[in-house]
Amino acid sequence: MNSWDDQLNLGIEELDNQHKNLFLQITKFARAYQAGSGKQAAPEILEFLEKYVEEHFAAEEHYMLKYGFPDYQNHAALHREFYAKIIAYKQEYYSQRGLSSYAVSKMLEMTLKWLLEHIKQVDKQYGVFIKNKMEKSLQ
Ligand SMILES: [Fe+2]
Ligand SMILES: [Fe+2]
């Protein structure tokens, strides 16, 4: 998958834009990997993900709390899990002064798969819930 699929949109602009940016940066990393420079591109994507994912998760969690989304705790736990994986890759990178080709390919596969599945299956749930609440509050 190389381009953004509109079916991934939640209809909440701020969060959709963040998802698109995450997707864009990961696909940029995928292109670097395919061109043989995955190892060199790894620290940049890890730095980006650490910072951006934290901001994105905080934004989502803020929306969920604001609108009283009932499954907030479980959703937030999935965020913490992903964040911990990114930190673990980062630590591996800095403790070993680089990542093996195998680790780079696993990281790419994990991040892309996680992002798409998380949006489709998990983010969609609060998306529908919050959109409903937003529409009701406009009536
Ligand atoms: Fe998300
Ligand atoms: Fe999420």
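**Figure 1. Here we visit H118, a residue of helix α4.** This is a predicted model. H118 counts as partly exposed, because 16 C-beta neighbours lie inside 10 Å. Setting aside neighbours within four places in sequence, the contacts of H118 are L78 and D123. Another residue to look for in this view is S3: 115 residues separate S3 from H118 along the chain, while their C-alpha atoms are separated by 17 Å.

**Figure 2. Stepping back, the whole protein comes into view with 4 helices and 0 strands.** Starting at the N terminus, the order of elements reads α-α-α-α. The C-alpha trace spans about 55 × 30 × 20 Å along its principal axes. How much of the protein is made up of buried residues? The share is 19% of the 139 residues. As for contacts between residues at least 6 apart in sequence, 77% of them join residues at least 24 apart.

**Figure 3. This close-up shows helix α2 (residues 38-66) packing with helix α4 (residues 101-138).** The angle of packing is about 15°, and the axes are 12 Å apart. α2 and α4 are therefore roughly parallel to each other, and their crossing is left-handed. On the α2 side, the contact is made by G38, K39, A42, L49, Y63 and M64, and on the α4 side by S101, V104, L108, T111, Y126 and I130. Sorted by class, this contact of α2 with α4 has 8 nonpolar, 3 polar and 1 charged residues.

**Figure 4. Now we turn to α2 and its packing with α3.** Are these two helices roughly parallel or roughly antiparallel to each other? Their packing angle is about 165°, with axes 10 Å apart; α2 and α3 are therefore roughly antiparallel. The crossing is left-handed where α2 passes α3. From α2, the residues that meet α3 are A42, P43, L46, L49, E50, V53, E54, F57, E61, M64 and L65. Their partners in α3 are Y72, H75, A76, H79, F82, Y83, I86, I87, Y89, K90 and Y93. By class, the residues in this contact of α2 with α3 divide into 16 nonpolar, 2 polar and 4 charged.

**Figure 5. Here is the largest nonpolar core, a group of 14 residues.** As background, nonpolar side chains tend to be buried together in soluble globular proteins. Which members touch the most other members of this core? They are F29, A42, I45, L46, V104 and L108. Each of α1 (13-34), α2, α3 and α4 supplies at least two residues of this core. A42 is a handy place to pause: leaving aside neighbours within four places in sequence, A42 is in contact with Y93, L99 and V104. Apart from the largest core lies another core of 6 residues, and L10, L15, Y63 and M64 are among them. Y63 and M64 may look familiar, as they also take part in the contact of α2 with α4.

**Figure 6. Our last stop is R97, in the loop between α3 (72-95) and α4.** Is R97 buried or exposed? R97 counts as exposed, because 6 C-beta neighbours lie inside 10 Å. The backbone is worth a look here too: R97 has a positive phi of about 50°, although R97 is not a glycine.

Definitions and conventions: Residues numbered from 1 in each chain as written. Chains lettered and ligands numbered in written order. Predicted model: local features only at pLDDT ≥ 70, side-chain atom pairs only at ≥ 80, totals over all residues. Buried ≥ 20, exposed ≤ 12 C-beta atoms within 10 Å, placed from the backbone. Contact = placed C-beta atoms within 7 Å. Axes fitted to C-alpha atoms, helices over the stretch in contact; angles between N-to-C directions. Parallel < 35°, antiparallel > 145°, perpendicular 65-115°, else oblique. Left-handed = near helix turned anticlockwise from the far one by under 90°. Nonpolar A, V, L, I, M, F, W, Y, C, P; charged D, E, K, R; others polar. Core = buried A, V, L, I, M, F, W, Y, C linked by C-beta atoms within 7 Å.
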